[in-house]
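Trainee: Got a minute to go through this model with me? I'd like to start with the aromatic rings.
Mentor: Sure, pull it up.

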Amino acid sequence: MRRGVLLVAHGTRVPAGVLAAICFAEGVANRLKAQNPLWENALCRLAFLEISTPDIYAVATQMYQQEGIRELYILPLLLLSAGHALADLPRIIDDIQRDCPHLRVRMSSPLNDHERLVKIYQQHIHDALQQESGIDALLFVNRGSSYPHSYRIFQQIVQQTSASFPDLKKTSAFFAGLGAGLSRAFHRLEKSGVRECLVLPHLLFPGRLSAQLDRQLKEWAMGHAHLHFRSAPLLGESEELMDVYAKQIVLFSLRRAVQTV
């Protein structure tokens, strides 16, 4: 029975974001097949939750009807469990299983290796400090969520990452949901006397939010010449994160196999 892997990204109207998601998904698929012989014949595809195409239902049903896939592993390319992972994806999976009666669908949780994510952030900080010794603060920026669990997990990531840099001030900001917005975070930095701040976006790919972040950083810097910002790469540029997702597929499938036995 041939297995399939469906990587699910959020989706965006920004072409660069779609291309970045495609490249990231290809990197995950290549690592999965190269590092795990049992997966070298797996069919790997990318779909989007919203805005971009192809959508999840269309790709999954095509894999079932045209490619003969009977066991499908869905891996959300999402950084935290929130509305999409907890509500939207299960609803779509119900539709898929209704129309593909012989397809066994298994969905992994979003990224759960937060220790590796912390290490990626720490490497970004080390790289920035080597290039710019004047950095005196860290600003972690998340898309935001109304789910308290997602908020707590993100704050744990912030705490664990910044613990290795006790001399740097730290704060966090959110585009929506729980937590402070960017303006409040900027004011906190200013009141703390920060001069050089490294911004760490908790985002995978370019899109509306990354563009909004860049715009707000530039607008604030124009009115506050003493506070300078430097942005770390988006997480989707990390090859190490591709490895994390590839290994998550393998570990998830092994857990399912043990549960079945």
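Trainee: How many aromatic pairs does the structure hold?
Mentor: Nine. Rings of Phe, Tyr and Trp (its six-membered ring) pair if their centres lie within 6.5 Å; planes under 30 degrees apart are stacked, over 60 edge-to-face, the rest tilted. W39 and Y73 are one pair: their centres are 5.5 Å apart and their planes at 65°, so they sit edge-to-face.

Trainee: Where are W39 and Y73 in the chain?
Mentor: W39 is in the loop between α1 (15-35) and β2 (43-48), while Y73 is in strand β3 (residues 71-76), 34 residues apart. Helices (H or I, at least four residues) and strands (E, at least two) are DSSP runs, numbered from the N terminus.

Trainee: Is W39 buried or exposed?
Mentor: Buried, because its relative accessibility is 3%. Buried means under 20% relative accessible area, exposed over 50%, partly exposed in between (1.4 Å probe, protein chains only).

Trainee: OK, new topic: what does S253 touch?
Mentor: R3, W39 and Y73, leaving out residues up to four places away in sequence. Contact means heavy atoms within 4.5 Å. S253 belongs to helix α8 (residues 239-260).

Trainee: Anything I should know about the model itself?
Mentor: It's predicted: local features need pLDDT of at least 70, side-chain atom pairs count only at pLDDT 80 or more, and totals for chains, interfaces and linings use all residues. Residues are numbered from 1 along each chain as its sequence is written, and side-chain values use heavy atoms, with hydrogens and water left out.
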